[in-house]
Amino acid sequence: MNTTIMLFLVQDGITNGAIYALLGLALVLVFAVTRVILIPQGEFVTYGALTYASLAAGQMPGTAKLALALGIGAFAFDLFVARKALHGRLVVRSFVTNIMLPAIVLALTIYFAAQKPPVAISIALSLVIVAMIGVYLYRIAFQPLAHTSVLVLLIASVGVHLALQGLGLLFFGAEGQRGPAVLSGAFTAGALRFTGQSITVYAITIAFIVGLWLFFGLTLYGKALRATAVNRLGARLAGIRTTLSGQIAFLLASVIGALSGIMIVPITTLYYDSGFLIGLKGFVAAIIGGLVSYPLTAVAALVVGIVEAFSSFYASNYKEVIVFMLLIPVLLLRSLAAPAVEEEKD
Amino acid sequence: MQSRLPILVFALVMAAIPFVPGMPPFWIVLLDNIGLAALVAMGLVLLTGVGGLTSFGQAAFVGFGAYTTAVLTTAYGLSPWLTLPLSLVVSGLFAVLLGLITVRLSGHYLPLGTLAWGLGLFYLFSKLEFLGRNDGISAIPPLSVGTFKMLSPGSIYYAIWVAVILSALLTMNLLDSRTGRAIRALRRGHVAAEAFGVHTPRAKLLVFIHAAVLAGLSGWLYAHLQRAVNPTPFGAQAGIEYLFIAVVGGAGYVWGGVLGAAIVVVLKEVLQSYLPLILPGSGQVETIVFGIMLVALLQLAPGGLWPWLMSFLPERTGGRKPDTSLKLEQRSRAPAEAGVLLQVEKARKQFGGVVAVNNVSFDVQAREIVALIGPNGAGKSTTFNLITGVLSATSGSISVLGKKVDKAPPQEIVKLGISRTFQHVKLVPDMTVLENVAIGAHLRGHSGPISSMLRLDRADEAKLLAEAARQIERVGLADQMHQLAGSLSLGQQRIVEIARALCVDPMLLLLDEPAAGLRHMEKQRLAALLRELRDGGMSVLLVEHDMGFVMNLADRIVVLDFGTKIAEGTPATIKTNPEVIKAYLGVAA
């Protein structure tokens, strides 16, 4: 094997793997806190990417309107739940966060979309829009189901995925898009060429891993989230608002998803339905990490990325087969090593 | 058991539908599709709703069924009827392979694992040369009987619905049997089931194979309905769709699978054909509406539609009381009239740095009630778990009738005639008291899954239920026999656990806090029952906190504190033992 090719493949694999790592982390986070297996994670990726690409191309992204529509829905849910004990402060707070905020963002988006905004503004708007979609989705689709089984949550997650994917086609059309590089420029070291884009990917992934680690280890909200993950009822009894934990988890997941999308879209063309497969590879990493361990998930994601890079070079036909079948030996190992712990399910 | 009448009516209605004058042929196509989906969903009901094993990979098994018959009938010219068993066998074999890997996974690994191999297999279908890659295989011969070829959707309709109704009957028979009870106990964790000899990995593998074979059957029918196969209907999306068919219908109910299939297939059809009229615009609007409706449906009826519909029917009260004159043969027992039944010698259990049980030794003689007492955290329940094989001791030995059993799994311990109850009640709440108790007699029955499906197990089954009913009467719960176990008070549930343990026909009964949650009179009745059992030749080892109960009942008491045995003797000597008083009341006492 040619060393240059090998190095190139490894580099390519690490870049993709870094993205999978981020998505894997988000999936672990959401599952641990809310028990939702977040299939729509892939849609957060495409929404982030395509919103960014649309804005950069001077087009109005439909996602901003979706955010407002979902916000109105969330407002209605809030009012309905509190209908027996409505009071002014609650209504105002819900109105501000669920309707005013997305309305302002929509206005800004319309304003900026008309004049091809600079990269920084496009990124900021895309992130805010997708973040709002994530939080409102939790409010509308998952919070009312928080008490049900993992299976029901999973099916609801599939429903959300289908709806979002359909909306994606409506908003962005069937053609793929590419966005401008977040950081242009490049340098070479030996045989390898590092683009500003790939450096950004590495930097952001590392920043997020460190950031999440600090967030969960040091902050009160982080600890509250961990407490919710371990024991929902216990956390509530200790005064932690578990719905808030859920919202934070979805907020982080949607921001991570959108950011991953923005980082990929300058490298690869993304279509409205590309997210599903990308998200699934994050899943593969998350499963290898056991859905609990962040560092293991990150390492597994790098392995998935590298395996994918090599198999697309040597057996491109069987690339997906190899990536997904990678799980079988891992599952085998896990099942052999699995301790016989009792679980009370339902 | 439910009456067969509604099923017969359903079968007649389905048989009559094609003869209704003016029936649009398109409706028959829809019904064909519903039947195909219902077969897969039915397997998922058993796998997911009843067994608690979520699978996204069922579409792949449909693919195995379809591709097997496609390849064999086109490339090798076999008759479709010959490929039917082969399709089922291929699906079943792959289920064994994948099942061995996946069913041992717990909780969320399992659905994600199935999603992953489901995707992998889909890509494999679409890449393999002999399966025709993405184009698939076409020109598959139709099913035929004699010279009659089932070319139209209306003629294969009967093949499909006969398959659906037969599969539903077989599946329901399976659930209502010895094996079925073991399967239904899976969802509540494996410790209780294993304590009565159920081999849980084998039971899980069994439902996995059952579901895969039903999916394979659906695939075989699909191939001969379409007369062409390509990879698309066997992908991840389809796998997900089958799962939500089961959930929408009601994942715990066989007919919920059929109902769910009807709802989802019709809903998709309606959305696809009418939505563009209301909301003109670029495609996929139906996917959006479909997704939203799915979430809304789950929020309104998280348990699925079948149980929701059933709640409108008048409640079925009671069931037939089993004929208690039928007798199970007694377990053969070692001739140990006098002597040591159970010998625990320097048993030690460490969890990391914590020593839960510290070199404890004691024994239980024949015809003796021994109480194990001690403050909370003294290691009593851990000792129980060591004896029954749930945990294995770090060091020391445990022997039953002189035979060492330290490394034996729970299924082997119960075979020796040691049965137990649990500190935290482990019953299946949505099964009746009778069915729960019958799990205790699991090892005394012999019928396997196949004979259960074909109802060849009835003689065996009647004896098991008779034994269960006898033990329920013995503990005084005859009136509650047909109630759901989850509806009983906690104290009564503990008594149900005792009846279940008695069904083993044990020589040694291990009771973990049997009197907790009982009223005074109930405690006295329990004490009388335990004395009666002892006088009948059984030994009892019990953990209990109610000192009055223990002191009046036990022949001998063993006291543990912080994992160490601090005293042993008759109730009278224990009451005055200074070590025991210190452990319970502190130093100054």
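**Exercise 1. A helix and its length**

What span should the 27 residues of helix 9 (residues 200-226) of chain B have at 1.5 Å a residue, and how far apart are its end C-alpha atoms?

*Solution.* Keep in mind that you are working with a predicted model.
- Step 1: The expected span uses one less than the number of residues, multiplied by 1.5 Å. For helix 9 of chain B this gives 39 Å.
- Step 2: The C-alpha atoms at the two ends of helix 9 are 39 Å apart, so the expectation and the model agree.
- Step 3: Now look around the helix. Of its 27 residues, 23 are buried, so helix 9 of chain B is largely enclosed by the rest of the structure.
- Step 4: Finally, see what follows the helix. Next comes B:Arg227, with a positive phi near 60°.

**Exercise 2. Two loop residues with positive phi**

Find A:Arg35 and B:Asp505, and decide for each: buried or partly exposed?

*Solution.* Let us begin with the backbone angle.
- Step 1: Most residues other than glycine have a negative phi. A:Arg35 is not a glycine, yet its phi is positive, about 65°. B:Asp505 is not a glycine either, and has a positive phi of about 60°.
- Step 2: Place them. A:Arg35 sits in the loop between helix 1 (3-34) and helix 2 (41-56) of chain A. B:Asp505 lies in the loop between helix 19 (490-502) and strand 11 (508-512) of chain B.
- Step 3: Use the cut-off: a residue is buried if 20 or more other C-beta atoms lie within 10 Å of its own. A:Arg35 has 21 such neighbours inside 10 Å, so A:Arg35 counts as buried. B:Asp505 has 19 other C-beta atoms within 10 Å and is therefore partly exposed.

**Exercise 3. A hairpin in chain B**

In which sense do strand 13 (residues 556-561) and strand 14 (residues 564-569) of chain B pair, and over how many bridges?

*Solution.*
- Step 1: The two strands pair in the antiparallel sense, over 5 bridges.
- Step 2: Pick out a pair: B:Val559 has B:Ala567 of strand 14 as its bridge partner.
- Step 3: Follow the chain round the turn. The strands form a hairpin with 2 residues between them, and B:Phe562 in the turn has a positive phi of about 45°.

**Exercise 4. Where the chains meet**

How many residues of chain A are in contact with chain B?

*Solution.*
- Step 1: 44 residues of chain A are in contact with 43 residues of chain B.
- Step 2: Helix 6 (150-172) of chain A is among the elements giving two or more residues to this side of chain A. Helix 6 gives the most, with 16 residues.
- Step 3: Sort the residues on this side of chain A: 32 are nonpolar, 6 polar and 6 charged.

Definitions and conventions
Residues are numbered from 1 along each chain as its sequence is written. Chains are lettered from A and ligands numbered from 1 in the order in which they are written. This is a predicted model: local features need pLDDT of at least 70, side-chain atom pairs count only at pLDDT 80 or more; totals for chains, interfaces and linings use all residues. Helices (H or I, at least four residues) and strands (E, at least two) are DSSP runs, numbered from the N terminus. A residue is buried if 20 or more other C-beta atoms lie within 10 Å of its own, exposed if 12 or fewer, and partly exposed in between; C-beta atoms are placed from the backbone. Two strands pair if DSSP finds at least two bridges between them. Two residues are in contact if their C-beta atoms, placed from the backbone, lie within 7 Å. Ala, Val, Leu, Ile, Met, Phe, Trp, Tyr, Cys and Pro count as nonpolar, Asp, Glu, Lys and Arg as charged, and the others, Gly among them, as polar.
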